[in-house]
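Colleague: I am new to this structure. Please take me through the terms you use for it, and say what stands behind each one.

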Amino acid sequence: MTINGTITEKVRFWVESDTLKFLDNGLGRLSFDLAGGTFAWTCREALVWHEIRSAFRWQGREYHTGLYERHEVIGEPKELSDAFGCGLQVGIRHEKPGLPIVEQYFSLYEQQPFFLIRVVVAAEGGLKLNRIVVLQSAKLSIENAPSRHEASGEDQLHALRIPYDNDKWVRYIAQPLPWETESYEAAALFYPGSRRGFVTGSVSHDVWKTGIRIRSERAGRLDEFELYAGAAGVMTRDTQPHGYVHGPRVESPLVFAGYYDDYREGLEAYGQANAAVEPPLKWEGGVPFGWNSWSAAMSTLDYELYTSTSDFLRGEVQPLGFESGETLYINFDAFWDRLTAEEMADALRRVRENGHKPGTYWTPFAFWGSPEQFSREVEGTGGKYTYGEILLRDAEGEIVADIAGGLAIDPTHPGALQRIDWFTEKIIREGFEYVKLDFMAHGALEGKHYDPAIATGIAAYRHGLSYLASKLSPEAVGRPFFINLSIAPLFPYAFAHSRRISCDVFGQIGDTEYLLNSLTYGWWMNGCLYRFNDPDHTVLYKSFNQDETGWHEGRSRLTASVIAGTLLLLGDDFRKEGAAERAKAWLGNRAVMDIARLGQTFRPLEGGFGDRAADVFVLEVPASNPEGGDAWYMAVFNFDGTKGARKTVSLSRAGLNPKVLYRVDDLWEGTEQETAGELVVDLKPAEAKLFKLTQRTVI
């Protein structure tokens, strides 16, 4: 785990009085008020959060721990030694006659500025809940620190809203209070100038959708804050309420909450906390390079485009250095079924003869047919089920409302699982080695599922997605098989190697800015949740649905993909002269392609731009040998397609030594300069620069 600072003290639990107990690691302190049923969290003498309660909704009303009559520590603190480190766990029980028992379990670790909490609501006769509030208190303050590098004017407390999924061109938003919003699974409160911030979110994703409600009516002050399990609404694509969780003991998700001197470290630590609970799906191969058909052709995809693309890349571009592991993926997107069986077999043969790996596309949890097609037999079921039978329904038996024209397939239905068997067996037999799974949010919708033991959308989605991933595991396939998620919830994550970080992204400068908005606040997912962030098909020249892009516009789009983490799948029809020209001009730049082959995401230099993207991103690459020096890579963008721009980047703000003279290599232009203290960058309209900085001498 990322350690923000150093500390030598051990975690200790101690008692001040019968009603006041403490759990402390020398860096942060949890204080338990056993008279009032609340707790507090202080950290580094900069964050103070008090009168925190947990709550649940039951029998039509909401009850919080402050309403309970008896509050006590559960037994003795439990020693911990797990993926988070060494620490202690303390349980607090809240009791009141006539109400279910509430238990809170707190974990605090050595040298960590965060705590973990899980809430359990228990009743001997059993109960059902669809809302548990894990953290509820508006009394949170973060002491700001003076900064010479404030993003704009006075440094104001910002809230970060993280979207539930990446559908409908949704954006991340970070803007100053006052503001009212709801974030999903995770959120942050931070000062862009000093970068001090608080990060919280769920780190288990097997049952609940988690929401974080933030409301503020005055600058820098919270009026309402609650992290709760049971989110469902427009932003989660749900028309039905969150499903009820049944049992004698109903548990909330495990929740992370911590303070960091740099909120970016906090988001990275949150990502690492998820990986500690459930590691990302392992991928031992390199970064996938290649091509995807959607942007190039959309519904006009045919045999000629698919095969000619493989031929062009093999003969004209791959020899220049555009490859990873000496191969490329050549991927069908939607409408691959336009090819006849004979065309498909021959296309796959030609691709493999070129030394390439074929990829395909599927929507496992979305049905696109009309009511007249509900009676159609579901593939792989031997006539036992029709599509009308496997669609997700509500409590009244009505089919749940569509998303973007697609109806949800119930991932728990045996017909849906047999359909997965049929499709995975088919693509394995045909020799595919990559699949793009699209419209995945359909599988996580709330509704009444076929399997009565699975009562929530996330539990159903996890059930279906994990089943699909098991069918495509190296053990099942007999070879590595890459799984990519397209339109999908951010969580759960452990059943795919990559997820598209945004919605559809094409080739214009507005597309690049939109993609980088997602990278500005989602860079930390790379390597923690998914092995790779996916920047979508990279358009150099022209998308099927757009006009031709300018030279700098196209290269900015490529630069954005290179720094994303990354899959590098092209999206042009290279039978067009302009597309072929740019491919040969840009994809042979080995210094740039080597950055893409690292598979590492650049970090945003700044945050707090509302729903816009940062324009400077930085990656530090430690020296691979004792003689070599560390290198810093910096990408700088101009999102204005009509005007040039001059940008001045503080090297100390970017993590470099202000007292060192650096050599600066412009990797696109092949030029060199020296600088110290700051880097001044002049950009043409829609242009991006990509630099490598290495140390020359100490000034």
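Modeller: Start with burial. This is a predicted model, and buried residues make up 61% of the 699 residues in the protein chain.

Colleague: What makes a residue count as buried here?

Modeller: Its relative accessible area must be under 20%. By that cut-off, 61% of the 699 residues qualify.

Colleague: Why is the protein chain called as compact as a globular protein of that length?

Modeller: Compare two values. The radius of gyration is 26 Å, and the globule rule gives 27 Å for 699 residues. The two are close, so the chain is as compact as a globular protein of that length. Along its principal axes, the C-alpha trace spans about 80 × 75 × 45 Å. The chain holds twelve helices and 40 strands.

Colleague: Why is strand β35 called largely enclosed?

Modeller: Count its residues. β35 covers residues 631-637, and seven of the seven are buried, so the rest of the structure largely encloses the strand.

Colleague: How do you know which faces of β35 are covered?

Modeller: Look at each side in turn. On one side, Ala 631, Tyr 633, Ala 635 and Phe 637 are buried. On the other, Trp 632, Met 634 and Val 636 are buried. Both faces are covered.

Colleague: What makes β34 and β35 a pair?

Modeller: Pairing needs at least two bridges. Strand β34 (residues 616-621) and β35 have six, in the antiparallel sense. Val 621 stands opposite Ala 631 in β35. β35 also runs antiparallel to strand β40 (residues 688-698), with seven bridges joining them. There, Phe 637 stands opposite Ala 688.

Colleague: Why are helices α3 and α4 called roughly parallel?

Modeller: Angles under 35 degrees count as roughly parallel. Helix α3 (residues 303-317) and helix α4 (residues 341-353) pack at about 5°, with axes 9 Å apart. The two are therefore roughly parallel to each other. The residues of their contact divide into five nonpolar, two polar and four charged. Among those that meet are Tyr 303 and Asp 311 in α3, and Glu 343 and Arg 350 in α4.

Colleague: What makes β31 and β32 edge strands?

Modeller: Each pairs on one side only. They belong to an open sheet of eight strands, in the order β31-β30-β29-β28-β25-β24-β23-β32, with parallel pairing. Neighbouring strands of this sheet are turned by 25° against each other on average, direction ignored.

Colleague: How do you know that β23 and β24 pair in that sheet?

Modeller: At least two bridges are needed. Three join β23 (residues 289-292) to β24 (residues 329-331), and these strands run parallel. Gly 290 stands opposite Tyr 329 in β24.

Note on methods: Residues numbered from 1 in each chain as written. Predicted model: local features only at pLDDT ≥ 70, side-chain atom pairs only at ≥ 80, totals over all residues. Heavy atoms only, no water. Axes fitted to C-alpha atoms, helices over the stretch in contact; angles between N-to-C directions. Helix = DSSP H or I, 4+ residues; strand = E, 2+ residues; numbered from the N terminus. Parallel < 35°, antiparallel > 145°, perpendicular 65-115°, else oblique. Contact = heavy atoms within 4.5 Å. Nonpolar A, V, L, I, M, F, W, Y, C, P; charged D, E, K, R; others polar. Rg over C-alpha atoms; globule rule 2.2 N^0.38 Å. Buried < 20%, exposed > 50% of the residue type's maximum accessible area, 1.4 Å probe, protein only.
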